[in-house]
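Me: I've got a model open and I'd like to go through the labels people put on it. Can you take my questions one at a time?

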Amino acid sequence: MDAVDALRGVAMLWMTVFHFCFDLSHFGYWPQNFLSDPFWTLQRVMIVSLFLTCAGLGQALASAQGLGWQRFRRRWLQVVLAALLVTGGSMLMFPRSFIYFGVLHGMAVMLLIARFSAPAGRWLWPLGLVALLLPTAGAWALGGPLQGWAELFDSRALNWLGLITRKPFTEDYVPVLPWLGVMWCGMAAGQWLLGRSPAWLARPVPAALRWLPALGRHSLSYYLLHQPVMIGALMAFGALTGR
């Protein structure tokens, strides 16, 4: 539905602005602290949350419309391939902090879980809450009674779960927990809206914003292309200006 696609388009635009600011900082045009400045860290959390909420809404719609496994599998394989491309590209640009479990990697795992858990219905709300709280409980346990397991859960082999005591050194990190909770809540909200207020999801987008749903529908392609284009443009600008 256009409303969900438009919301996803908003997330993509917000992400583009965020990434462009990051690129400006990376190339020394506008130095910023993206690791610890709350202005930037909060924006990242909100962008990823909006993106995963839209993914949850999309899964609710797909389930209600009876979309089969063949279409899901095709889309899921596209996400997996895109995640591998992101890993490969980040290895070239950030060899010491390449992306091995970023937003697309997390999406690939979470979409599978969401697909199988769609019949849970209203139970998705408490499941989402538990998923949101588990990392905090896990950090406490691994820092106390289960501290002998901390090194294993902090390693690359398991830190994709999100039960960690320290954040890994990587350019993008979107573990299954707590972010699966956001997707579950998005799916629960989608199912609730379909049952109570389906007209909200079917609401037409104003004519001036008709391009937003189109952007949302092509979000994966846009995600893969926007950074190479912006980085290439900044590199070209640097070469032309001698910076």
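Me: What makes the crossing of H5 and H7 left-handed or right-handed, and which is it?

Reply: Keep in mind that this is a predicted model. The handedness depends on which way the near helix is turned from the far one, and anticlockwise by less than a right angle counts as left-handed. H5 and H7 cross in the left-handed sense.

Me: And why are H5 and H7 called roughly parallel or roughly antiparallel?

Reply: Helix H5 covers residues 124-143 and helix H7 covers residues 176-196, and the two pack at an angle of about 160°. The cut-off for roughly antiparallel is over 145 degrees, so H5 counts as roughly antiparallel to H7. Their axes are 7 Å apart.

Me: What about the peptide bond from Leu 177 to Pro 178, cis or trans?

Reply: That bond is cis, with omega near 10°. Pro 178 itself is found in helix H7, the helix that packs against H5.

Me: What is the relation of H3 to H10, and what makes you say so?

Reply: H3 and H10 pack at an angle of about 15°. Anything under 35 degrees counts as roughly parallel, so H3 gets that label with respect to H10. The axes of H3 and H10 sit 10 Å apart, and H3 passes H10 in a left-handed crossing.

Me: Then why do H3 and H4 get the label they have?

Reply: Same kind of check on the angle: H3 and H4 cross at roughly 160°. Since the limit is over 145 degrees, H3 and H4 come out roughly antiparallel to each other. Their axes come within 8 Å, and the crossing of H3 and H4 is left-handed.

Me: On to empty space. How many cavities of 30 Å³ or more does the structure hold?

Reply: There is 1, and the largest cavity has about 40 Å³ of space. What makes a space a cavity is that a 1.4 Å probe fits but cannot get out, whereas a pocket is open.

Me: Which residues line the largest cavity?

Reply: Its lining is made of Val 86, Ile 99, Gly 102, Val 103, Leu 104, His 105, Asp 172 and Tyr 223. H4 supplies the largest share, 3 residues. By class, the cavity lining splits into 5 nonpolar, 2 polar and 1 charged.

Me: What is the volume of the largest pocket, and which residues are closest to its centre?

Reply: The largest pocket has a volume of about 1,300 Å³. It is lined by 42 residues, and closest to the centre are His 19, Phe 22, Ile 99, Glu 171 and Asp 172. The elements that give two or more residues to this lining are helix H1 (2-26), helix H2 (38-64), helix H3 (69-93) and helix H10 (219-241). H1 gives the largest share, 9 residues.

Me: How do the residues lining the largest pocket divide by class?

Reply: The lining of the largest pocket has 26 nonpolar, 11 polar and 5 charged residues.

Me: And what do you find in the second largest pocket?

Reply: About 800 Å³ of space. Its lining has 29 residues, and those nearest the centre are Arg 8, Gly 58, Gln 59, Arg 71 and Arg 75. Two or more residues each come from H1, H2, H3, helix H4 (103-117), helix H9 (211-217) and H10. H3 gives the most, with 7 residues. By class, this second lining divides into 15 nonpolar, 7 polar and 7 charged.

Me: Where does UniProt place the transmembrane regions?

Reply: The unreviewed UniProt entry puts them at residues 12-30, 42-64, 76-92, 98-116, 123-143, 176-194 and 220-240. In the model, residues 76-92 are 100% helix and 0% strand, with end C-alpha atoms 25 Å apart. Residues 123-143 are 95% helix and 0% strand, and there the end C-alpha atoms lie 30 Å apart.

Me: Last one: what domain does the record give, and what does the chain look like over it?

Reply: UniProt, again in an unreviewed entry, places "domain: Heparan-alpha-glucosaminide N-acetyltransferase catalytic" at residues 2-228. Over residues 2-228 the chain is 70% helix and 0% strand, and the end C-alpha atoms are 28 Å apart.

Key
Residues numbered from 1 in each chain as written. Predicted model: local features only at pLDDT ≥ 70, side-chain atom pairs only at ≥ 80, totals over all residues. Heavy atoms only, no water. UniProt positions renumbered as here; feature names shortened; annotations may be inferred. Helix = DSSP H or I, 4+ residues; strand = E, 2+ residues; numbered from the N terminus. 1 Å grid on protein atoms, 1.4 Å probe; cavity = no way out; pocket = protein on both sides within 12 Å on 5 of 7 lines; lining within 4 Å. Points joined across faces, edges and corners; volume = space filled by probe spheres on them. Nonpolar A, V, L, I, M, F, W, Y, C, P; charged D, E, K, R; others polar. Axes fitted to C-alpha atoms, helices over the stretch in contact; angles between N-to-C directions. Parallel < 35°, antiparallel > 145°, perpendicular 65-115°, else oblique.
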